[in-house]
Amino acid sequence: MRLLLFAVCVVLVCASADAWFGRRQGGGRGGGRGGGNGRVRTAVDRTRGAVRTAVDRTREAVQGAGDMYRAYSDMREANWKNSDKYFHARGNYDAAQRGPGGKWAAKVISDAREGIQSAFRGQSEADRRADQEANLWGRNGGDPNRYRPEGLPDRY
């Protein structure tokens, strides 16, 4: 639980930093104020756009982290044999549907979880690769039911 809380905090800080200091969306020309053929957006317009982007991506990242947590808690609650890959794919899928911030949060949390499991819990390389395949499948919009085990209750 502490690890998940830490991961959420990392997601929030990094998402905000990426939105503020990362690449800006849109070009530097057109649609702004001023005259001439090569209109340049004003500094105020660029700042407003950066703030909107930061807020949107941070919101997406927080919601995506919540999706990842929901999938994890459902996996623990279900306690169903061979359901791990399904919940990996479902958490990543749900988070990625939030937008770029959610997709980023899913990647950070998935990579951190796999790294910790490999280092401290002795997870085999084959298991790690299979988990990452399910993570990537869900994050890229693949149907999580591809990994759904037979007999898993419909509520999941």
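Helices here are DSSP runs of H or I with at least four residues, numbered from the N terminus. Threonine 58, taken up below, has its place in one of them, helix α2.

## Overall make-up

The model is a predicted one. Its chain has 5 helices and 0 strands, and from the N terminus the order of elements reads α-α-α-α-α. The chain has 156 residues, and 35% of them count as buried. Its accessible surface is about 9,800 Å², with 53% of that area belonging to carbon and sulfur atoms.

Contacts between residues 24 or more positions apart make up 66% of the contacts in the chain that have a separation of 6 or more.

## Threonine 58 in α2

Is threonine 58 buried or exposed? Its relative accessibility is 18%, and because the limit for a buried residue is under 20%, threonine 58 counts as buried. The side chain of threonine 58 reaches back to the backbone oxygen of alanine 54, at a distance of 2.7 Å. This pair falls under the polar-contact cut-off of 3.5 Å between N or O atoms.

## The loop between α2 and α3

Asparagine 79 and asparagine 82 deserve a joint look. Most residues other than glycine have a negative phi. Asparagine 79 departs from this sign, with phi near 45°, and asparagine 82 has a positive phi of about 65° although it is not a glycine.

Asparagine 79 lies in the loop between α2 and α3, and so does asparagine 82. Asparagine 79 is exposed, at a relative accessible area of 68%. Asparagine 82 also counts as exposed, at 64% relative accessibility.

## Helix α3

Helix α3 covers residues 84-96. Its 13 residues should span 18 Å at 1.5 Å a residue, and the C-alpha atoms at its ends are 18 Å apart, so expectation and model agree. The expected value is 1.5 Å times one less than the number of residues.

Which residues of α3 are buried? They are Tyr86, Phe87, His88, Ala89, Arg90, Gly91, Asn92, Ala95 and Ala96. These buried residues pack against three other helices: α2 (43-78), α4 (100-120) and α5 (125-139).

## Helix α5

For α5, 15 residues at 1.5 Å a residue should span 21 Å. The end C-alpha atoms of α5 are 21 Å apart, which agrees with that figure. The buried residues in α5 are Asp131, Gln132, Ala134, Asn135, Gly138 and Arg139. They cover an arc of only 160° around the axis, and therefore lie on the same side of α5. In general, an α-helix has 3.6 residues a turn, so residues three or four places apart point the same way.

The buried residues of α5 pack against α3 and α4. The packing of α5 on α3 is also found from the other side, since α5 is among the helices that the buried residues of α3 pack against. Just after α5, glycine 141 takes a positive phi of about 90°.

## Aromatic pairs

How many aromatic pairs does the structure hold? There are 2. In one of them, the ring centres of tyrosine 86 and phenylalanine 87 are 5.0 Å apart and the planes stand at 70°, so the pair is edge-to-face. The cut-off behind this label is a plane angle over 60 degrees. Both tyrosine 86 and phenylalanine 87 are buried.

Phenylalanine 87 also pairs with tyrosine 156, again edge-to-face, with 6.0 Å from centre to centre and 80° between the planes. Phenylalanine 87 lies in helix α3 and tyrosine 156 in the segment after α5, so this pair ties together parts that are 69 residues apart in sequence. Phenylalanine 87 counts as buried at 3% relative accessibility, and tyrosine 156 counts as buried at 10%. Tyr86, Phe87 and Tyr156 form one aromatic cluster.

## The segment after α5

Aspartate 143 is placed in the segment after α5, the segment that also holds tyrosine 156. The relative accessible area of aspartate 143 is 43%, so aspartate 143 is partly exposed; the limits for that class are 20% and 50%.

How far apart are the C-alpha atoms of aspartate 143 and tyrosine 93? They are separated by 7.8 Å, while the two residues are 50 residues apart along the chain.

Technical notes: Residues numbered from 1 in each chain as written. Heavy atoms only, no water. Helix = DSSP H or I, 4+ residues; strand = E, 2+ residues; numbered from the N terminus. Buried < 20%, exposed > 50% of the residue type's maximum accessible area, 1.4 Å probe, protein only. Contact = heavy atoms within 4.5 Å. Areas by Shrake-Rupley, 256 points an atom, 1.4 Å probe, with all protein chains shown as cover. Polar contact = N/O pair within 3.5 Å; in protein donor to acceptor, adjacent residues only side chain to side chain. Arc of directions from axis to C-beta. Phe/Tyr/Trp six-rings, centres within 6.5 Å; stacked < 30°, edge-to-face > 60°.
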